[in-house]
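This note sets out numbered points for a colleague who is beginning to read protein models. Please keep the sequence and the structure in view while working through them.

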Amino acid sequence: MTKKFHLHKARLETLVDAVFAIAMTILVLEVKVPLIVDKFSALELLHALAHDGVVIFAYFVSFSALGVFWVWHHKLTEKIGEIDLPLLVCSLVFLSLICFFPFVAALFGRYPLNLTANIVYVVLLGLILASQTLFFWLAIKRKKIAEFIRPDEALKTHSTNLLSLAIFCISLSATGLRISIYAAFICILAGILFLWRFKQSKKQSTSQSKT
């Protein structure tokens with residue numbers, strides 16, 4: 001009889017920390033030292049830095065986003081007892097998106113008004129949110145939640161994940177409108193769907209907390 005695959009979550013957390021540390025460090029490589037003609041001119045250097053202001057701004061926004069995702073992932077993982085194969089695969093997909101983030105952040109920083117750069121950036125954010133939500137949902141469905149976490153607490157966390165995804169999808173409709181009204185409609189429809197799932201999960205959590 002073959003033994004079922006499982007991974008101690010400490011191994012996954014170590015990998016997650018390493019990937020985030022590298023991705024967050026690589027972000028700054030896109031911020032280049034400006035070249036100026038007069039190396040003693042403070043005004044020329046100031047203008048050069050202002051010219052790259054969007055790139056610098058994109059760096060800090062992206063660094064903050066990765067920081068939030070890192071904290072969020074660890075908050076979810078600490079509620080999970082063990083990692084099985086589906087959870088590992090979901091985590092690796094999540095980490096592949098994180099590794100891709102520095103490129104997308106650089107794209108957005110260099111072409112902030114370009115529609116394609118904007119779409120790629122927000123879609124990647126959405127995929128990261130979705131992978132995290134799926135990760136915890138799989139943990140609930142596969143009964144991998146840690147024993148010290150009550151079922152209603154796990155459902156409450158899942159509800160929060162769904163709400164975050166719903167808010168993101170609805171706010172994404174503004175970017176979708178730049179493509180077409182149909183894209184904006186799909187974003188709003190997805191947001192409403194996640195809001196409905198949020199309400200269902202919240203009701204289930206409330207009923208379990210009363211029992």
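Which elements each supply at least two residues of the lining of the second largest pocket?

1. The elements in question are α5, α6 and α7, each of which supplies at least two residues of that lining. Please bear in mind throughout that the model is a predicted one. The contribution of α5 is the greatest, at four residues. The lining of the second largest pocket consists of Ala130, Thr133, Leu134, Trp137, His158, Leu162, Leu165, Phe194 and Arg197. By class, six of these residues are nonpolar, two are polar and one is charged. The space in this pocket comes to about 150 Å³.

2. The chain as a whole should be described next. Its secondary structure amounts to seven helices and two strands. Read from the N terminus, the order of the elements is β-α-α-α-β-α-α-α-α. The C-alpha trace spans about 70 × 40 × 30 Å along its principal axes. The chain has 211 residues, and 42% of them count as buried.

3. The largest pocket holds about 370 Å³ of space. Its lining is made up of 18 residues, and those nearest its centre are Ile140, Pro151, Ala154, Leu155 and Gln204. Two or more lining residues come from each of α5, α6 and α7 (181-210). Here α7 gives the most, with five residues. The lining of the largest pocket divides into eight nonpolar, five polar and five charged residues.

4. The charged pairs deserve a separate point. Side chains of opposite charge can pair when their charged atoms come close. A search of the whole structure gives five salt bridges. One of them joins the side chains of Glu82 and Lys144, with an N to O distance of 2.8 Å. Glu82 belongs to the loop between α3 (53-77) and β2 (83-84), and Lys144 to the loop between α5 (115-141) and α6 (151-179), so this pair ties together parts that are 62 residues apart in sequence. Glu82 has a relative accessible area of 30% and is partly exposed, whereas Lys144, at 18%, counts as buried because the limit for that class is under 20%.

5. A further salt bridge is formed by the side chains of Asp84 and Arg142, at 2.4 Å from N to O. This pair also links distant parts of the chain: Asp84 is in strand β2, Arg142 is in the loop between α5 and α6, and their positions lie 58 residues apart in the count along the sequence. Is Asp84 buried or exposed? Asp84 is buried, with a relative accessibility of 4%. Its partner Arg142 is partly exposed, at 40%.

6. The side chains of Arg150 and Asp152 also meet in a salt bridge, with 3.0 Å from N to O. Asp152 counts as buried at 10% relative accessibility, while Arg150 counts as partly exposed at 46%. Which residues are joined into one network by salt bridges that share partners? They are Arg150, Asp152 and Glu153.

7. The surface carries a nonpolar patch formed by Phe5, Leu85, Val89 and Val93. Together these residues have about 350 Å² of accessible area. Phe5 is located in the segment before β1 (6-7). With a relative accessibility of 42%, Phe5 counts as partly exposed.

8. Finally, a single residue of helix α6 may be considered, namely Thr160. Thr160 counts as partly exposed, its relative accessibility being 45%. Where does Thr160 stand with respect to Val28? The two residues are 132 residues apart along the chain, and their C-alpha atoms are separated by 31 Å.

Technical notes
Residues are numbered from 1 along each chain as its sequence is written. This is a predicted model: local features need pLDDT of at least 70, side-chain atom pairs count only at pLDDT 80 or more; totals for chains, interfaces and linings use all residues. Side-chain values use heavy atoms; hydrogens and water are left out. Patches are made of residues with over 30% relative accessible area and no salt bridge: like charges are joined within 9 Å, nonpolar side chains (Val, Leu, Ile, Met, Phe, Trp, Tyr) within 5 Å. Accessible areas come from the Shrake-Rupley method with a 1.4 Å probe; for residues, only the protein chains shown count as cover. A salt bridge is a side-chain nitrogen of Lys or Arg within 4 Å of a carboxyl oxygen of Asp or Glu. Buried means under 20% relative accessible area, exposed over 50%, partly exposed in between (1.4 Å probe, protein chains only). On a 1 Å grid over the protein atoms alone, a cavity is a set of points where a 1.4 Å probe fits but cannot get out, and a pocket is an open set with protein on both sides within 12 Å along at least five of seven lines; lining residues have an atom within 4 Å of a point. Grid points are joined across faces, edges and corners, and a volume is the space filled by probe spheres set on the points. Ala, Val, Leu, Ile, Met, Phe, Trp, Tyr, Cys and Pro count as nonpolar, Asp, Glu, Lys and Arg as charged, and the others, Gly among them, as polar.
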